[in-house]
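The following paragraphs go through the fold of this chain, from its sheet and helices to its cores and the confidence of the model.

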Amino acid sequence: MKVKCWICYLLLIICLPLSARIDHEYCFRVYLKDKGETGYRVSSPEAFLTKPAIERRKKSGIAINETDLPIPVAYIDSLRDLGALPVTQSKWLSTVVVASPDSLIGDRISNLSMVDSVKWIWKGKRRISEDVTREELSLKTEEVPLMQKYGYAEKQIEMLNGIWLHEKGYTGRGVSVAVIDAGFRNVDRIGAFYSLRMQGTHNSVSREESVFEGDDHGTKVLSCMAANLPGVMVGTAPEADYWLIKSEDNRSEFPIEEDYWAAAVEYADSVGVEVITSSLGYFHFDVEEMNYDQSSLDGNTAFISRAARQAAEKGILLFCSAGNEGNGAWGKITFPADVEEIITVGAITLEGEKSSFSSTGFTADYRVKPDVVALGSGCTVLDARGAVRYANGTSFSTPILAGLGVCLWQAFPTLTNYQIAEILRTVASRKNRPDAEVGYGMPDMKKAYELAKQMSEEI
């Protein structure tokens, strides 16, 4: 009787659909040896790059090269033929992430002639897209308006002399900005964002899910730059053009987050974005063997850091949070904050002291990081209900400063991303004595404007 029951059980399992028997899968990052024959030529970029992306490169004198070429369809098809489902890819770093319920598929993929190596980067339950019904309503901020234009956010802008820059007429208009984050819940319904000059959205984790659902971390981050409700909250770049991009998978913490982030940055590049602000950082994962160590903080080891460097080399002005590990065992900045060519932002208090949680430098190769700081303790933000809240984190000091960087570039568009970054360091409060806690200090945007004007006149 027991034998018959066991046989019946086996037959039941075999007859079940595959989707019912397998509810988990593995993801692998496939490193390609080369791009192979893509069918495209660097001399004809209009075939694989958008006009805005080409124009940004031309403006900065950046040559289009093989990293800009797409990954060949033939390579993707070869992976599919082995039963691997393509999840995301990076043309800059020549990688493809694939998923499979077979944990051994990585071994078979590594035998392909086009493959250099394969790395396991995720394990978990399959993502099942759910239909989310959202109540149709408008979210209005209920805070009592203040007399000052910037409302509850005035101090965080005033500290950087950003109001002076706004009064000169520079509020970000005409500059394309991507905010890469974990989600932008209800941004499409909050009154303070009704004037948001949104150019589009993108979800590099799941194309089927809206960025306006789920996490509201990006909502708070975006409010620091784009909120525009005089008397309650006005951000640092309220008239910029915005792309909202989700790259964080909240289900778990695995290295695949780096691949989603790289895909998000490449998407931003593809639509011609000029500035990126990102309040995400990584170093610790759910599987201990996948963790980074501090010797990798050299700006070139971590996958996400290599992607950030490529973004800067494509002419994008990239602001990244230093991280909130100051009180933890790690202590240091997180990846990709270690990249030399980007602006890493730490956090300070209203008194100008380093926020205790703000991650410190230096990098493993002894470079100054963070680069600069802005208010990160008690920042004014808007939550998913459109209500004013006070929040702590380099997640918020970063967009506060990034928005003013946007305004500065609006004023002097002939300068390069590297020049804008150097100006912000040069006019900071500790430019002559940078340290591992606040870097070069807090920038003064009036001084930044004056220096940028001088530099632009010399061009």
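**Sheet, helices and cores**

Helix α8, residues 217-226, lies across three strands, β5 (176-181), β9 (241-246) and β10 (275-278). Its direction is at about 150° to that of β5. The model is predicted, and the chain has an average pLDDT of 92, with 92% of the residues scoring at least 70.

The three strands under discussion belong to an open sheet of seven, ordered β6-β9-β5-β10-β11-β12-β13, in which the pairing is parallel. β6 (197-203) and β13 are the edge strands, each pairing on one side only. On average, neighbouring strands of the sheet are turned by 25° against each other, direction ignored. Within the sheet, β11 and β12 are joined by three bridges in the parallel sense. C320 stands opposite T344 of β12.

Two further helices can be taken as a pair. The axes of α9 (residues 256-270) and α10 come within 9 Å and cross at roughly 10°. Because angles under 35 degrees count as roughly parallel, α9 is roughly parallel to α10. On the α9 side the residues that meet α10 are E258, D259, W261, A262 and V265; their partners in α10 are F303, I304, A307, A308 and A311.

Helix α10 also appears in the surroundings of α12, which spans residues 417-426. The buried residues of α12 are N417, I420, A421, I423, L424 and R425. These pack against the helices α10 (303-313), α11 (394-411) and α13 (445-458), and against the strands β11 (317-321), β12 (343-348) and β13 (372-375).

In soluble globular proteins, nonpolar side chains tend to be buried together. Here the largest nonpolar core has 67 residues, of which L222, Y242, F319 and L408 touch the most other members. Helix α11 supplies the largest share of this core, 10 residues. Apart from this core lies another, of 48 residues, including V97, I245, A307 and A337. What does L222 touch, not counting residues up to four places away in sequence? The contacts of L222 are V179, V187, F193, L196, A227, Y242 and L244.

Two stretches call for caution. Over residues 1-21 pLDDT stays under 50, and the model has four contacts for them beyond four places in sequence. Residues 129-133 also have pLDDT under 50 throughout, with three contacts beyond four places in sequence.

Notes
Residues are numbered from 1 along each chain as its sequence is written. This is a predicted model: local features need pLDDT of at least 70, side-chain atom pairs count only at pLDDT 80 or more; totals for chains, interfaces and linings use all residues. Side-chain values use heavy atoms; hydrogens and water are left out. Buried means under 20% relative accessible area, exposed over 50%, partly exposed in between (1.4 Å probe, protein chains only). Helices (H or I, at least four residues) and strands (E, at least two) are DSSP runs, numbered from the N terminus. Contact means heavy atoms within 4.5 Å. A nonpolar core is a set of buried Ala, Val, Leu, Ile, Met, Phe, Trp, Tyr and Cys residues joined through side-chain atoms within 4.5 Å. pLDDT is the predictor's confidence in each residue, from 0 to 100. Two strands pair if DSSP finds at least two bridges between them. Axes are lines fitted to C-alpha atoms, for helices over the stretch in contact, and angles run from 0 to 180 degrees between N-to-C directions. Angles under 35 degrees count as roughly parallel, over 145 as roughly antiparallel, 65 to 115 as roughly perpendicular and the rest as oblique.
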